[in-house]
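Biologist: I'd like to learn how to read helix packing and nonpolar cores in a model. Could you walk me through this one?

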Amino acid sequence: MKILVTYAFDEELLPFALKNVDITFLKTGMGKVLSAYNLTKALCKDKYDLVLNVGTSGTLNHNVGDIFVCRRFVDRDMEKIELPKVCSDISFPEKVGIDFIDDYEKVGVCNTGDSFVTEVGYFNGDVIDMEAFAQAQVCKEMNVNFISVKYITDIIGQNSGEIWLDKLRDAREALKEFFV
């Protein structure tokens, strides 16, 4: 199996290995546009069986330190537009061929938008980020399976922003354990 692991910025880089898996790491940059652009370039250069997005996120309804495996992705910028054929929700199959991910119990919905959310509002999803939906859309268009593993660093409206920076070390350690 050949996997492309994506992450937004250097502090989210988490080098790991999986048995019988060829892994390449790609820094995509922050936000939907830059993330989609860099992922598209990588997928045009090489063929992968899976894109695995690993990173941090906020939440409204869960706890700092929770880890979610996301197979469904919502674009919070586009879901407000009620036009036919405008894609605002993408899902992928439940199985990706990695047992500990396929069997993981905390499966969630990832809500993506081009803003760092700091205020409570209605958000369709368990985790809130700035890249995953764009990557999911690229993968859907290019017929590549996609999944995202997100560590919750902050609770929206309570401790976003500054806390996120402080929690990056905790996120790396917990995600490292997740992938061992």
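Modeller: Gladly! Let's begin with helix packing: axes are lines fitted to C-alpha atoms, for helices over the stretch in contact, and angles run from 0 to 180 degrees between N-to-C directions. Please keep in mind that this is a predicted model.

Biologist: At what angle do helix 1 and helix 3 pack, and how far apart are their axes?

Modeller: The angle is about 30°, and the axes of helix 1 and helix 3 lie 8 Å apart. The crossing of helix 1 past helix 3 is right-handed.

Biologist: Which residues meet where helix 1 and helix 3 pack?

Modeller: Helix 1 brings Lys 32, Ser 35, Ala 36, Leu 39, Thr 40 and Leu 43, while helix 3 brings Ala 134, Gln 135, Val 138 and Cys 139. By character, the residues of this contact split into 6 nonpolar, 3 polar and 1 charged.

Biologist: Now the cores. What is the general idea there?

Modeller: In soluble globular proteins, nonpolar side chains tend to be buried together. Here, the largest nonpolar core has 24 residues, and those touching the most other members are Leu 4, Leu 39, Leu 43, Val 51, Phe 73 and Cys 139.

Biologist: Which elements give two or more residues to this core?

Modeller: They are helix 1 (32–45), strand 4 (67–75), helix 3 (132–141) and strand 8 (145–155). Helix 3 contributes the most, with 6 residues. Apart from this core lies another, of 22 residues, including Ile 23, Leu 52, Val 96 and Ile 98.

Biologist: What does Leu 4 touch beyond four places away in sequence?

Modeller: Leu 4 touches Thr 24, Leu 26, Leu 39, Ala 42, Leu 43, Tyr 48, Leu 50, Val 51 and Leu 52.

Biologist: Let's turn to a charged residue. Is Asp 75 buried or exposed?

Modeller: The cut-off for buried is under 20% relative accessible area. Asp 75 counts as buried because its relative accessibility is 4%. Asp 75 sits in strand 4, and its side chain makes a polar contact of 3.0 Å with the side chain of Lys 32. Setting aside neighbours within four places in sequence, Asp 75 is in contact with Lys 32, Ser 88, Thr 112 and Phe 133.

Biologist: And how do I place this in the whole chain?

Modeller: Start with the elements: the chain has 4 helices and 8 strands, running β-β-α-β-β-β-α-β-β-α-β-α from the N terminus. Of its 180 residues, 52% are buried. Among contacts with a separation of 6 or more, 70% are between residues 24 or more positions apart.

Conventions: Residues are numbered from 1 along each chain as its sequence is written. This is a predicted model: local features need pLDDT of at least 70, side-chain atom pairs count only at pLDDT 80 or more; totals for chains, interfaces and linings use all residues. Side-chain values use heavy atoms; hydrogens and water are left out. A nonpolar core is a set of buried Ala, Val, Leu, Ile, Met, Phe, Trp, Tyr and Cys residues joined through side-chain atoms within 4.5 Å. Buried means under 20% relative accessible area, exposed over 50%, partly exposed in between (1.4 Å probe, protein chains only). Contact means heavy atoms within 4.5 Å. A crossing is left-handed if the near helix is turned anticlockwise from the far one by less than a right angle, and right-handed if clockwise. Ala, Val, Leu, Ile, Met, Phe, Trp, Tyr, Cys and Pro count as nonpolar, Asp, Glu, Lys and Arg as charged, and the others, Gly among them, as polar. A polar contact is a pair of N or O atoms within 3.5 Å; within protein, one must be able to donate a hydrogen and the other to accept it, and residues adjacent in sequence count only if both atoms are side-chain atoms.
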